Amino acid sequence: MSFYGCCGAALATPCLSQLGISGDSTIAGDQRRMSKDNDKLPISPKALVVHDPSLNQGGQINSCVFAGNRDTMQNGAAEAVVCNSKKLEDAMQESGLKIKHHEDNIKFLKAQKNRLDDSILDIRVALGKIHSASGTDSENKESSNGRNEEEIIEQILRHDKSAAGICFQLKTNHETQISHLPSMKDVMGIVALLGKVDDDNLSRLLSDYLGLETMLAVVCKTHDGLKALETYDKEGFINKSSGLHGLGASIGRALDDRFLVICLGNLRPYAGEFIADDPQRRLDLMKPRWDNGETPPGFLGFAVNMINIDPANLYCATSSGHGLRETLFYKLFSRLQVYKTRADMLQALRVITDGAISLDGGIIKNDGVFALGKREVEIKFPKSSGRSNLPKNYFDIESRMKELKWKRARFVEDLQREQTLLDHAKFNFEIKKQEFVKFLAHSSSYVTAPQFPSGGERSTPIS
């Protein structure tokens with residue numbers, strides 16, 4: 001027995017009434033026929049009785065219930081399609097906004113970098129004019145002090161198997177070969193060559209105070225550079241084929257002794273003010289004073305401010321923007337006081353906190369620790385270059401150049417980072433776009449799938 005669809009069943013009753021046939025009599029006739037048929041069919045003991053509220057008393061499908069269920073299913077599916085489509089569209093829009101954000105950042109950073117390039121070019125031209133206008137006096141002094149520095153370099157190279165000797169050899173004779181090596185590109189130099197002093201005697205005293213090992217210490221910028229200088233195997237032994245040991249062996253200078261490395265990134269920089277309008281950016285340290293406010297006699301200043309630093313290293317020697325004076329030399333000398341004589345120094349013991357030296361050879365390491373006798377100094381700071389005829393703003397211009405170059409390097413790093421983020425955002429956008437296209441294709445095939453027509457028939461077997 002089959003049942004018609006909701007529309008077919010709805011059309012049956014009007015036809016019977018138009019023909020003048022009673023619905024009750026028709027049903028009674030159907031029941032008599034079914035009774036005769038049932039006498040011929042075997043009755044199954046497992047006959048299933050199904051009570052379906054969608055069936056009316058006449059055994060037909062309730063047309064309204066069936067249509068409602070179908071509409072509900074179709075509406076639910078449509079809502080799911082719309083909801084998922086909205087989610088994918090929102091995800092694509094978010095990725096698009098990220099792309100625009102990174103593109104705007106890159107545009108801004110490029111504009112700033114170009115502006116800095118123009119400023120650096122202008123300053124380079126100005127420095128060139130100053131150099132060309134300098135007098136012969138300056139050239140003679142530069143030549144004399146250049147020989148002084150060469151002598152100190154020769155002293156360093158005599159320690160041919162020291163870390164300092166190897167570093168200097170690599171930096172000067174093999175620069176093109178090691179420029180890409182992380183163990184060397186982070187190295188700034190050797191303590192003895194990173195500062196200069198006006199007076200030979202003061203240079204010898206400061207070098208004596210620090211000691212040979214510290215004067216030959218290697219200075220690097222970051223902790224990563226420090227780790228690259230020496231590596232270890234699984235047992236903790238030094239790997240002689242890598243780092244500074246491997247580089248030394250490659251030029252025939254095996255490194256077997258201990259050596260000091262000073263990492264600027266690990267130093268706590270001076271946090272105070274600088275002396276105003278000082279081209280060397282000397283630290284504004286409080287002078288020692290007696291209770292009456294007077295400075296002890298013979299006090300000449302602080303050692304950290306008596307080091308002359310190459311203008312290139314006055315600013316931004318570290319990634320955080322600090323120069324060598326407030327990092328390296330402040331670490332080495334702190335508030336070491338300089339006096340004219342031993343007598344002056346001893347008289348000021350009560351106000352000496354971080355050690356002192358005197359020009360006649362006295363050394364106080366710290367409270368209660370005195371260095372007596374005399375020691376020959378092999379390695380000392382070079383003598384400062386004479387630039388008496390240079391304009392007063394020369395160092396300011398050089399410092400400005402260094403600052404601009406440092407800022408430009410930061411912008412280049414930011415550009416590289418933004419470009420990486422942009423590439424990642426574009427990659428994510430493409431993935432989301434492909435997901436959206438696949439979803440639309442799948443939804444289209446679902447929507448166009450064959451559906452039962454509203455006026456058609458559907459047979460439902462009932463057992």
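**Note on the predicted model: strands, rings and salt bridges**

1. Tyr-339 stands opposite Ser-358 in β6. The strand behind this pairing is β5 (residues 337-339), which runs parallel to β6 and is joined to it over three bridges. The model under discussion is predicted, and every value given below should be read as computed from that prediction.

2. The pairing of β5 with β6 belongs to an open sheet of five strands, ordered β4-β5-β6-β7-β8, in which the pairing is mixed. At its edges stand β4 and β8 (369-371), each of which pairs on one side only. Neighbouring strands in this sheet are turned against each other by 20° on average, with direction ignored.

3. Tyr-339 also takes part in a ring contact, and the protein has seven aromatic pairs in total. The ring centres of Phe-299 and Tyr-339 lie 5.6 Å apart, and their planes stand at 65°, so the pair counts as edge-to-face, the cut-off for that class being over 60 degrees. Because Phe-299 lies in strand β4 and Tyr-339 in strand β5, the contact ties together parts of the chain that are 40 residues apart in sequence. Both Phe-299 and Tyr-339 are buried. Elsewhere, Tyr-209, Phe-329, Phe-333 and Phe-381 form one aromatic cluster.

4. A second open sheet contains three strands in the order β1-β2-β3, and its pairing is likewise described as mixed. Its edges are β1 (187-190) and β3, each with a single partner strand, so one side of each has no neighbour in the sheet. The average turn between neighbouring strands of this sheet is 25°, direction ignored. Within it, strand β2 (residues 218-220) and β3 run parallel and are joined by three bridges, and Val-218 stands opposite Val-261 in β3.

5. Turning to charged side chains, a search of the whole structure finds nine salt bridges. One of them joins Asp-117 to Lys-113, with the closest N and O atoms 3.3 Å apart. Both residues lie in helix α3 (residues 63-132), where they are four residues apart, about one turn of the helix. An α-helix has 3.6 residues a turn, so residues three or four places apart point the same way. Asp-117 has a relative accessibility of 24% and therefore counts as partly exposed, since a residue is called buried under 20% and exposed over 50%.

6. Another salt bridge within a helix is formed by Asp-414 and Arg-417, whose closest N and O atoms are 2.2 Å apart. The two residues lie in helix α14 (residues 394-447) and are three residues apart, again about one turn of the helix. Asp-414, at 24% relative accessibility, is partly exposed, and Arg-417 is partly exposed too, with a relative accessible area of 46%. In addition, salt bridges that share partners join Lys-113, Asp-117 and Arg-408 into one network.

7. What does the salt bridge of Asp-291 with Arg-350 link? In this pair the closest N and O atoms are 3.8 Å apart, and the residues come from distant parts of the chain, 59 residues apart. Asp-291 sits in the loop between β3 (261-263) and β4 (299-302), whereas Arg-350 sits in the loop between α13 (342-347) and β6 (356-358). Asp-291 is exposed, with a relative accessible area of 75%, and Arg-350 is exposed at 58% relative accessibility.

8. Helix α11 (residues 243-250) is mostly covered, with six of its eight residues buried. The buried residues of this helix are Gly-243, Leu-244, His-245, Gly-246, Leu-247 and Gly-248. Following α11 comes Gly-252, whose phi is positive and near 75°.

9. For the protein as a whole, the model contains 14 helices and eight strands. Of its 463 residues, 34% count as buried, and about 28,800 Å² is exposed, of which carbon and sulfur atoms supply 54%. Among contacts between residues at least 6 apart in sequence, 71% join residues at least 24 apart.

Terms used:
Residues numbered from 1 in each chain as written. Predicted model: local features only at pLDDT ≥ 70, side-chain atom pairs only at ≥ 80, totals over all residues. Heavy atoms only, no water. Salt bridge = Lys/Arg side-chain N within 4 Å of Asp/Glu carboxyl O. Buried < 20%, exposed > 50% of the residue type's maximum accessible area, 1.4 Å probe, protein only. Pairing = 2+ DSSP bridges. Axes fitted to C-alpha atoms, helices over the stretch in contact; angles between N-to-C directions. Contact = heavy atoms within 4.5 Å. Areas by Shrake-Rupley, 256 points an atom, 1.4 Å probe, with all protein chains shown as cover. Phe/Tyr/Trp six-rings, centres within 6.5 Å; stacked < 30°, edge-to-face > 60°.
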